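Colleague: I would like to know how the labels in a model like this are earned. Could we go through them together?

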Amino acid sequence: MPSLRAALRRIFGSLDTYNYRLFFTGELISHTGSWMQQVTQNWLLWELTHAPIALGVYGLCRSIPFVIVSLYAGALADRLDRRRLLLISNIINGLFPLGLGLVVAFGHVQPWHIYL
């Protein structure tokens with residue numbers, strides 16, 4: 001019967017690699033932020049509308065870009081520099097929440113801002 005230490009070593013052995021630890025930590029932080037963003041946007045939309053259908057429309061609006069972009073994203077990603085592509089996509093992904101945060105901070109938020 002293997003010891004607990006040996007079992008943990010086998011399970012988490014990939015964390016011995018420095019680059020993988022960086023990747024894992026970055027993904028953990030990124031996904032946590034994305035979940036927080038999704039929860040707060042749903043909550044904000046609920047506070048504005050108190051309508052379950054509005055939350056459904058928001059879910060639809062979140063899905064449409066994936067359906068449209070995924071058809072071309074693979075081919076485009078193969079042709080472009082991956083580092084530059086990641087940099088540009090992360091900047092764009094940061095601008096939308098920043099814009100929404102500014103609209104909320106100034107008190108002019110409408111449901112369509114969240115849908116966008």
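What follows is a friendly exchange about helices, salt bridges, exposure and a pocket.

Modeller: Happy to. Keep in mind that this is a predicted model.

Colleague: How do you know that the span of α2 agrees with 1.5 Å a residue?

Modeller: Helix α2 has 32 residues, so at 1.5 Å a residue it should span 46 Å. Its end C-alpha atoms are 47 Å apart, which agrees.

Colleague: And what span should α4 have at 1.5 Å a residue?

Modeller: Helix α4 covers residues 82-105, which is 24 residues, so the expected span is 34 Å. The C-alpha atoms at its ends are 34 Å apart, and that agrees.

Colleague: What comes just after α2?

Modeller: His50 does, with a positive phi of about 50°. His50 sits in the loop between α2 and α3.

Colleague: What makes the phi of His50 worth a remark, given that it is not a glycine?

Modeller: Most residues other than glycine have a negative phi. His50 is not a glycine, yet its phi is positive. After α4 comes Gly107, also with a positive phi, near 80°, but that residue is a glycine.

Colleague: Why is the pair Arg9 and Asp16 called a salt bridge?

Modeller: The cut-off is 4 Å between a side-chain nitrogen of Lys or Arg and a carboxyl oxygen of Asp or Glu. For Arg9 and Asp16 the N to O distance is 2.9 Å, so the pair meets the rule.

Colleague: What makes Arg82 and Asp78 a salt bridge?

Modeller: Their closest N and O atoms are 3.8 Å apart, and that is within 4 Å, so this pair counts too. By this rule the count comes to 2 salt bridges.

Colleague: Are the partners in these pairs buried or exposed?

Modeller: Exposed means over 50% relative accessible area. Arg9 is at 53%, so it counts as exposed. Asp16, at 46%, falls between the two cut-offs of 20% and 50% and is therefore partly exposed. In the other pair, Arg82 has 53% and is exposed, and Asp78 has 60% and is exposed as well.

Colleague: Why is Gln41 called buried?

Modeller: Buried means under 20%. Gln41 has a relative accessible area of 10%, so it is buried. This residue is found in helix α2. Leaving aside neighbours within four places in sequence, Gln41 is in contact with Tyr58, Arg62, Leu100 and Ile114.

Colleague: What makes Trp43 exposed?

Modeller: Trp43 also lies in helix α2. Its relative accessibility is 56%, which is over 50%, so Trp43 counts as exposed. The C-alpha atoms of Trp43 and His113 are separated by 14 Å, with those positions 70 residues apart along the chain.

Colleague: How do you know which helices line the largest pocket?

Modeller: Lining residues have an atom within 4 Å of a pocket point. By that test, α2, α3, α4 and α5 each supply at least two residues of the lining. The largest share, 12 residues, comes from α4.

Colleague: Which residues lie nearest the centre of the largest pocket?

Modeller: Pro65, Phe66, Ile92, Asn93 and Phe96 do, out of 36 lining residues. The space in this pocket is about 1,500 Å³.

Colleague: How many residues of its lining are nonpolar, polar and charged?

Modeller: The lining has 21 nonpolar, 13 polar and 2 charged residues.

Methods: Residues are numbered from 1 along each chain as its sequence is written. Side-chain values use heavy atoms; hydrogens and water are left out. Helices (H or I, at least four residues) and strands (E, at least two) are DSSP runs, numbered from the N terminus. The expected span of a helix is 1.5 Å times one less than its number of residues. Buried means under 20% relative accessible area, exposed over 50%, partly exposed in between (1.4 Å probe, protein chains only). On a 1 Å grid over the protein atoms alone, a cavity is a set of points where a 1.4 Å probe fits but cannot get out, and a pocket is an open set with protein on both sides within 12 Å along at least five of seven lines; lining residues have an atom within 4 Å of a point. Grid points are joined across faces, edges and corners, and a volume is the space filled by probe spheres set on the points. Ala, Val, Leu, Ile, Met, Phe, Trp, Tyr, Cys and Pro count as nonpolar, Asp, Glu, Lys and Arg as charged, and the others, Gly among them, as polar. Contact means heavy atoms within 4.5 Å.
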